[in-house]
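This briefing concerns a protein and its ligand, taking the overall fold before the ligand site. Please read it alongside the sequence and the structure shown here.

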Amino acid sequence: MNLRDYLVLGRSGLRVSRLALGTMTFGTEWGWGIDEAAARSLFDRYVECGGNFVDTADVYTGGTSETWVGKLVKERRLRDKLVLATKFSFNVEAGNPNAGGNGRKNLYRALDASLRRLGTDYVDLYWVHCWDMSTSIEEVASTLTDLVRAGKVRAIGLSDVPAWYAARWQTLAERHGWEKIAALQLEYSLVERSIEREHIPMARELGMGVLAWGPLAGGLLSGKYTRETTEIAGSGRLDRMKGNPLVAARTAPSEARWQTVLAVKAVAEELGCSAAEVALAWILGRPGTSGALIGATKIDQLDGSSRALALVLPEEARRRLDEVSALDVVHPYGHFRETFQKSMIDGGDNVQRTAP
Ligand SMILES: NC(=O)c1ccc[n+]([C@@H]2O[C@H](COP(=O)([O-])OP(=O)(O)OC[C@H]3O[C@@H](n4cnc5c(N)ncnc54)[C@H](OP(=O)(O)O)[C@@H]3O)[C@@H](O)[C@H]2O)c1
């Protein structure tokens, strides 16, 4: 496998592997993670294959993920070579409302705590983990700009935010000379394509990279679950999602999602590869997608996911996957389809236009 095909993230200067090593599973605190020895072997394998992009968050496994990542980076003396990304937003101290959110007070606290756990004095890519629905863009963006100028952060990104928020932020940043958003990190997979409506066109227009989290929908798209093995006392949830309401909601497989899983399995069989490879290759080939965060828990999963980098889906297979997982056409997006444009805007003539 080869993680050495790097890509420039958005309009930042960061060169990253298209598959980032997700480390949400580093630590057993949440009930479905891996122990330190397994985390070490995944990390080693990833960097030995040329991977240079490691993603963590202050909230993952109560800080264990950051601590282990920091230790591994230090042991292998890879700090300068790696693009190290972490996140803040979620509350890390029950009973202290200022230990969460995107305000300046929490931001300084969170970054200092992350730097301590990671054993470094700077973060390459600092993500706002989630829109906190209240702090002004001016406060968050200007504070992050100060941190970039102070040398504690190299680039910034937004995860799990509405598209209007990211668009407003980037536009204000252009106007005020603030640090611009390098990339978005959002859930994106064959069973969760909603970011295609607003986020991806917006990111292309405003120069942001897009990284997909949950590219296998927590394992659903690996093909290892069937309707029978997924059911937990009739709840329709995947085993590893127990206890996490956000994740459980996203993967409770509807009939449409099962049809997509079956289509992915069928394509995999035809191509002689795994369903995970097909699902990841589909994402990597989507317009406007920079890459994905992989959540492997075993070496063979990491190897399998990395093989997707070399897999080019035949056009016909890609079309089948696009169709089975297509988003419902809802208002106003029906107006923006090619057929509609041709008849209602171009008067039936053939008019070439630059893709948005
Ligand atoms: N920004 C955010 O809000 C956010 C949210 C979630 C995740 N993330 C980031 O995204 C990363 C990935 O997320 P995710 O864990 O949900 O990703 P995912 O790829 O959708 O699911 C990962 C799970 O799929 C299975 N798997 C992975 N690779 C496989 C392969 N090649 N073949 C078969 N099964 C495979 C494993 O399940 P088993 O363990 O059951 O074997 C693994 O735990 C995280 O580590 C984190 O860095 C970000």
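Of the 356 residues of the protein, 53% count as buried, meaning under 20% relative accessible area with a 1.4 Å probe and protein chains only. The model is predicted, so that local features need pLDDT of at least 70 and side-chain atom pairs count only at pLDDT 80 or more, while totals for chains, interfaces and linings use all residues. Residues are numbered from 1 along each chain as its sequence is written, and side-chain values use heavy atoms, with hydrogens and water left out.

**Overall fold**

- The protein has 13 helices and ten strands, counted as DSSP runs (H or I of at least four residues for helices, E of at least two for strands).
- Among contacts (heavy atoms within 4.5 Å) with a separation of 6 or more, 74% join residues 24 or more positions apart.
- Along the principal axes, the C-alpha atoms of the protein fill a box of roughly 60 × 50 × 40 Å.

**Ligand site**

- The ligand has 29 residues around it (a heavy atom within 4 Å), of which S159, D160, G218, K224 and Q301 come nearest.
- The side chain of D55 places an N or O atom 2.9 Å from an oxygen atom of the ligand, a polar contact (N or O atoms within 3.5 Å).
- Nitrogen atoms of the ligand lie 3.2 Å from a side-chain N or O atom of Q185 and 3.1 Å from one of S305.
- Taken alone, the ligand exposes 900 Å² (Shrake-Rupley method, 1.4 Å probe), and the protein buries 91% of that.

Definitions and conventions. Polar contact = N/O pair within 3.5 Å; in protein donor to acceptor, adjacent residues only side chain to side chain. Buried < 20%, exposed > 50% of the residue type's maximum accessible area, 1.4 Å probe, protein only.
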